Amino acid sequence: MSSGAVTGLLVGLAVATCVAYLPVSTAGFVYEDASYIGPAAQPITLQTVMAPRGLTALSFRVGALARGVGAHPRVFHAQNVLLHLVAGLAVYLLARRLLAPPFALMATGLFWLHPMQTEAVAYIAGRAEIIAGTGVALALWAMAAPVLTWTHVGVALLAVVVAIGGKELGIMAIPLIGLYTLILRRWHWSWRVSLALGLAALVFVGLTLMVMQMRLVGNEYLSRAERGGFGYLAYQSAALWTLMGQVAWPNALTIDHDMEGLSRPQMVFALVSGAWTVLACWLVRHRWPVVSFGALWVVVALLPRFFVRIPEYLNEHQMYVPMIGISLAVAGTLQAVDAWARQRSRESLCVPDCSSS
């Protein structure tokens, strides 16, 4: 596929995305939107910008300053759609590191146009997920460079800052880089590599402590969680399976989880099936590395939500970053199937004695 054809198809997907989200131009503010837009009318301080979600707060301030057209919901919705397009381009850059052009386009199209993304894009307060997703994708793109340099490391670190500036869970970009390293990168171990990994671990620990201090310590919202450790983990697992079902067949968005109807055997099944799925993905990592990486991406990206107990279960807009991994896994599966079909076709064309020639 020529570069011109790839560019044309990418532009076509971007236009299709804009058309798909055209109805939000007439949408208003809903749910928590007002609590985000209200403070944006006030001057943004350095402390606000440096805090987790500081970049999201700054983006809302930019929307509030758009006096030429008025601080209308349309302005904020347009920003969300534009940022979604930018996030998709970051996903395409990452996908091109891992997949052939046609399948990288498939991953990008799935990420841009899947109905699961609607809540994060159409819900103004969901912008935090979009900015975090952009930072995560760019961090992985930089670290997935064929020849890794300190420039790539610097870009990745800056992208992690962007991800955290979008939402605190953007910090999971660092474990995702570790996952990529384990599955897809082959290191020639040396003292430099060991030093770099040690520094990366220190950065991760430092950023994690910062995020915990700002977002977890003294947060009254966390004290409202009703379930114990096992129950919360089981319910979140069931919620994730429900959302994954909607990824495969999106016919019941938006989800309102009815967890009271879950029996204990169903809770145990959700946990066990999740654990087995993770194990299976890990075991096939050498045969289908991109598929395994994409599937495990979902688990790693959501890991804090399984252990930091909050009084709500997974919903659609929280699947925005995991949808990057899902898109890579689906496109990687299609590429593997295509390679298998091509191999079978070549074998069928081979004459019986070709193996001896």
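The following exercises, each with a worked solution, introduce the predicted model shown above.

Residues are numbered from 1 along each chain as its sequence is written. Because this is a predicted model, local features need pLDDT of at least 70 and side-chain atom pairs count only at pLDDT 80 or more, while totals for chains, interfaces and linings use all residues; side-chain values use heavy atoms, with hydrogens and water left out.

**Exercise 1. The chain as a whole**

State how many helices and strands the protein chain has, and what percentage of its residues count as buried.

Solution.
- Step 1. Helices (H or I, at least four residues) and strands (E, at least two) are DSSP runs, numbered from the N terminus. The protein chain has 15 helices and 0 strands.
- Step 2. A residue is buried when its relative accessible area is under 20%, exposed when over 50%, and partly exposed in between (1.4 Å probe, protein chains only). Of the 357 residues, 42% are buried.
- Step 3. Accessible areas come from the Shrake-Rupley method with a 1.4 Å probe, and for residues only the protein chains shown count as cover. The chain exposes about 18,400 Å², of which carbon and sulfur atoms supply 68%.
- Step 4. Contact means heavy atoms within 4.5 Å. Among contacts between residues at least 6 apart in sequence, 80% join residues at least 24 apart.

**Exercise 2. Salt bridges**

Determine how many salt bridges the model has and which parts of the chain the bridge of lysine 167 ties together.

Solution.
- Step 1. A salt bridge is a side-chain nitrogen of Lys or Arg within 4 Å of a carboxyl oxygen of Asp or Glu. By this rule the count is 2 salt bridges.
- Step 2. One of them joins lysine 167 to glutamate 129, with the closest N and O atoms 2.3 Å apart. Lysine 167 lies in the loop between α9 (150-166) and α10 (173-183) and glutamate 129 in helix α8 (residues 127-143), so the pair ties together parts that are 38 residues apart in sequence.
- Step 3. Lysine 167 is buried, with a relative accessible area of 6%, and glutamate 129 is buried at 5%.
- Step 4. Arginine 342 and aspartate 338 also meet in a salt bridge, at 2.8 Å from N to O. These two residues are 4 residues apart in helix α15 (residues 322-349), and are therefore separated by about one helical turn. Aspartate 338 is partly exposed, with a relative accessible area of 27%.

**Exercise 3. Helix α14 and the loop residue leucine 169**

Find where α14 has a kink, and which residues leucine 169 contacts beyond its neighbours within four places in sequence.

Solution.
- Step 1. Helix α14 (residues 289-307) has 19 residues and reaches 27 Å from its first C-alpha to its last. The expected span is 1.5 Å times one less than the number of residues, and the reach of α14 is close to the 27 Å expected.
- Step 2. The bend at a residue is the angle between axes fitted to the seven residues ending there and the seven starting there. In α14 a kink of about 40 degrees lies at alanine 301, shortly before proline 304.
- Step 3. Leucine 169 is in the loop between α9 and α10 and is partly exposed, with a relative accessible area of 24%.
- Step 4. The C-alpha atoms of leucine 169 and alanine 301 are separated by 7.8 Å, although the residues are 132 apart along the chain. Apart from its neighbours within four places in sequence, leucine 169 contacts Pro304 and Arg305.

**Exercise 4. Enclosed helix, surface patch**

Explain why α10 is described as largely enclosed, and name the helix that supplies the largest share of the nonpolar patch.

Solution.
- Step 1. In α10, 8 of the 11 residues are buried, so the helix is largely enclosed by the rest of the structure. Among these buried residues are Ala173, Leu176 and Tyr180.
- Step 2. Arginine 185, in the loop between α10 and α11 (191-215), is buried at 12% relative accessibility. Arginine 185 touches residues including Met143, Ala144 and Tyr180.
- Step 3. Patches are made of residues with over 30% relative accessible area and no salt bridge; like charges are joined within 9 Å, and nonpolar side chains (Val, Leu, Ile, Met, Phe, Trp, Tyr) within 5 Å. The nonpolar patch includes Phe230, Val268 and Leu283, and its residues together have about 780 Å² of accessible area.
- Step 4. Helix α13 (residues 264-283) supplies the largest share, 6 residues. Leucine 283 lies in α13 and is exposed at 58%, whereas valine 268 is partly exposed at 37%.
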